[in-house]
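Trainee: I would like to go through this one with you. I will ask how each label is earned.
Mentor: Good. Let us look at the model.

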Amino acid sequence: MKRTLGVTALACAGLLAATACSGSDSGGGSSSGPVTVTVMTWESAETNAAIKKALADFKDDNITVQLLDTPSGQYGDKLASLTQAKKLPDLFWCGNDTEQQYTSQGLLVDWADKIKDGNGDFKSDNFVSSAMDNWKTADGQMGGLPSLMNTYGVWYNADAFTAAGLPLPKAGWTWDEMYADAAKLANKNGAKYGLVADQLTSGDGPFTMSMYAVSAGGAPFTDNVNHPTKAEADDKYKEGVEKLVAAIKNGSVAPPGYDASNVQSLFAAGKVPMTFGGQWLAAGFQTDKPKIKYGFAPFPQVQTPTTLYDSVGICTPQYTKDQDATFKVLEYLNTKVWDAVLPASPVAPPAYKPAQASYFDALTKAQQTTVADTVKADLAAEKTVGVRFTTQWAQQVGDLTTANYQPILSGKKPISDLPAYIDKINGLIKQGG
Amino acid sequence: MSRNAGSDVKAAYLFIAPAMLGFFVFVGYPLVRSFYLALTKYNGLTDPVFVGLGNFRRLFTTDPAFWPALRATGYLVVLYVPLSLILGLALAMFCNQRFAGVRVVRTLAYLPVVLPAVATITLWKFMLDPQVGLLNTILDRLGLPTSLWLQGSGTSMPSVVLVMLWGVGGTMIIFLAALQSVPTELYEAARVDGASPWSVFFRITLPMISPIVLLQVILQTTAALQTFNQPKILTNGGPGFSTNVLMLSIYNNGFPTLGRIPQLGYASAQVWVLFVIIIAVIALTAKFSSLWTYSDTSD
């Protein structure tokens, strides 16, 4: 009996040791033998199929690329569990905030030196500069590389504008014009609100409002979303908030709490005449043709064209087995894969500028000219502001926004409470660093 | 103790060993571990850092979401528990009658309990949409005022409770069993004495099923304190903090949206606050139960 137990214990210990050794947390570096580089994305099944097809053309005798199947809807949960189990794939799609937070925790490999001078054309100079700046941590590390840019603007129902006798939104239109249009479009043809602007009324709303202040010559809500030293709401900012509060009060703009989860389908059905949104909606509209004639315009301005900047990218865990092989696949993803993927599904312009042509060609072919023009205008915008804090205490700022800023927008708290809200955020900045 | 009794005890321990092992592994250890984590700053990625009562201090003093979460949870309990009991009992009394098709009615009343919760809650979300939802469409066609339902700060929690009441069949079935255990002689005697239906209800039915009412109060209160599915799917805690109940707040801190680092230590502190609240509520309910529950002490 004792002998049996001993053998079983030894077998278990052996199995455990084997399991532990087979993990991928053996540290970075490079190996001489064949390597499998795993890739995980949050894309749809169709886009993943296109990526897989494009990756099949990656030629390196020592490297096999494996695209992991991930249900796009549960990407966040999948990522969280893989992170905690220390089983992240070698390359995984990540947001700017994920990259910043994971890098600061020492979880990601630092590509800063590798991309600084780069291989041939694959170097930092060839990326959209605002994206590269934003992907660097305070100490200059880059836990990943930006892959696609997210640009934002206003989607409008051209039919509703024409029916109401309003000129179509275009570059250079003003915030006052936008609110006036929203007032005229509200409560018409099944549309309750003239404008649904989740970006202005959600937890990220205070950052979006920076566009008004900066465009009017004022200061943004925060000086830096990655490493903020202060938050502020100057007179121009306050003016922007006052105008939004008035528009919400008179029913032109959907208030905080409006469920924007199905706004895309409501817009396509003609029940939302104007909505803030990203360029990625164009890919969906290309396949599920909306019943309406629509367009995409840059954000309104006060004086200077100002827009939001945001980019998503590809990150690599610090424990990736072969950093050199992983970087080769990363380079291939950024430089070659988009040419194969974006024509069928033009979701976003690549952050690597030489790869942008296929995106704009696809939009032009699909006659989405207003989208192409607005994305180009956004990428060239004179002034840009960040979409949200990427700090670890960003969630606490979100809670303060729900408790203080959103009630101001709803008219439940006076605008004079704005400084108190800003003080609380500055308290967090001081505390969180 | 006889030799046989000793081996019986050993056998008993052997029989309960798997259950006890399961308890210690899946309840005992997580309980102790979560208490330890509640005293640390822990994100699940790096080692926990001991902060003593720092998480609890933050909860009660600086967290703008905690007190609204407590308020929302309290509001939900106060609104849901009495309504579910009254509705469950009323349904049970109706289904306790003898009429043609009573079995069909009982099945229909219980059906929502066996349907997949996420699917039915999602359907309710569509129906409660203020712009294109079925409820507002009907109200509008009837010329009645519509509501913002889940999207109004004043109507969001009542709407969540409305969806929760959809599953009241579970309460009904237990009440139905209790009603059927009341001796019929008591009703016959009351009928002979000419007692009114209200009198029968308050003097016979309610006292006789009061132990089950107590059980239901405890079960429904603890369930309401731990409500998660409905607010998560219907409103995700909004608008504002109006439906951001404690369980949802714990979830959002422990498993935040993509890109945010989890605050597992802080979420554990919230779990312990909820645990203490549940224990306190059960203890208080049990303590005062003798004032209103009937127990047969006769031999």
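Trainee: What share of the residues in chain A is buried?
Mentor: In this predicted model, buried residues make up 54% of the 433 residues in chain A. To earn that label, a residue needs under 20% relative accessible area.

Trainee: And what is the share in chain B?
Mentor: There, 41% of the 299 residues are buried.

Trainee: What makes A:Ala394 count as buried?
Mentor: Its relative accessibility is 5%. The cut-off is under 20%, so A:Ala394 is called buried.

Trainee: Where does A:Ala394 sit, and what does A:Ala394 touch?
Mentor: A:Ala394 belongs to helix H18 of chain A. Beyond residues up to four places away in sequence, A:Ala394 touches A:Phe389 and B:Arg260. A further distance concerns A:Ile425, 31 residues along the chain from A:Ala394. Their C-alpha atoms are separated by 9.9 Å.

Trainee: Which elements pack against the buried residues of H12(B)?
Mentor: Helix H18 (394-410) of chain A is one of them. From chain B come helix H3 (66-95), helix H11 (229-234) and helix H13 (264-288).

Trainee: Which residues of helix H12 in chain B are buried?
Mentor: H12 covers residues 246-254 of chain B. Buried there are B:Leu246, B:Leu248, B:Ser249, B:Ile250, B:Asn253 and B:Gly254.

Trainee: Why is A:Ile314 called buried?
Mentor: Its relative accessibility is 0%. Buried means under 20%, so A:Ile314 qualifies.

Trainee: Where is A:Ile314, and which residues is A:Ile314 in contact with?
Mentor: A:Ile314 lies in strand S8 (residues 306-315) of chain A. Setting aside neighbours within four places in sequence, its contacts include A:Leu91, A:Phe92, A:Trp93 and A:Cys94. Also among them are A:Trp135, A:Gly144, A:Leu145 and A:Ser147. A:Leu330 and A:Leu333 are in contact with A:Ile314 as well.

Trainee: How far is A:Ile314 from A:Ile429 in space?
Mentor: The C-alpha atoms are 28 Å apart, with the two positions 115 residues apart in sequence.

Trainee: How do you know that the radius of gyration of chain A agrees with a compact globule?
Mentor: Set the value against the rule. A compact globule of 433 residues would have a radius of gyration near 22 Å. Chain A has 24 Å, so the two agree. Along the principal axes, the C-alpha trace of chain A spans about 85 × 50 × 50 Å.

Trainee: What box do the C-alpha atoms of chain B fill?
Mentor: Roughly 80 × 75 × 35 Å, along the principal axes.

Trainee: How many helices and strands does each chain have?
Mentor: Chain A has 19 helices and nine strands. Chain B has 13 helices and two strands.

Trainee: What supplies the exposed area of each chain?
Mentor: Chain A exposes about 18300 Å², and carbon and sulfur atoms supply 51% of it. Chain B exposes about 16900 Å², with 69% from carbon and sulfur atoms.

Trainee: How many charged side chains of each sign are there?
Mentor: Chain A has 37 positive and 44 negative side chains, and the centres of the two sets lie 5 Å apart. Chain B has 17 positive and 10 negative ones, with centres 12 Å apart.

Trainee: Where in chain A does pLDDT stay under 50?
Mentor: Over residues 1-28. The model has 17 contacts beyond four places in sequence for that stretch. The mean pLDDT of chain A is 89, and 92% of its residues reach 70 or more.

Methods
Residues numbered from 1 in each chain as written. Chains lettered and ligands numbered in written order. Heavy atoms only, no water. Helix = DSSP H or I, 4+ residues; strand = E, 2+ residues; numbered from the N terminus. Rg over C-alpha atoms; globule rule 2.2 N^0.38 Å. Buried < 20%, exposed > 50% of the residue type's maximum accessible area, 1.4 Å probe, protein only. Areas by Shrake-Rupley, 256 points an atom, 1.4 Å probe, with all protein chains shown as cover. Lys, Arg positive; Asp, Glu negative; His and termini not counted. Charge placed at Lys NZ, Arg CZ, Asp CG, Glu CD. pLDDT = per-residue confidence, 0-100. Contact = heavy atoms within 4.5 Å.
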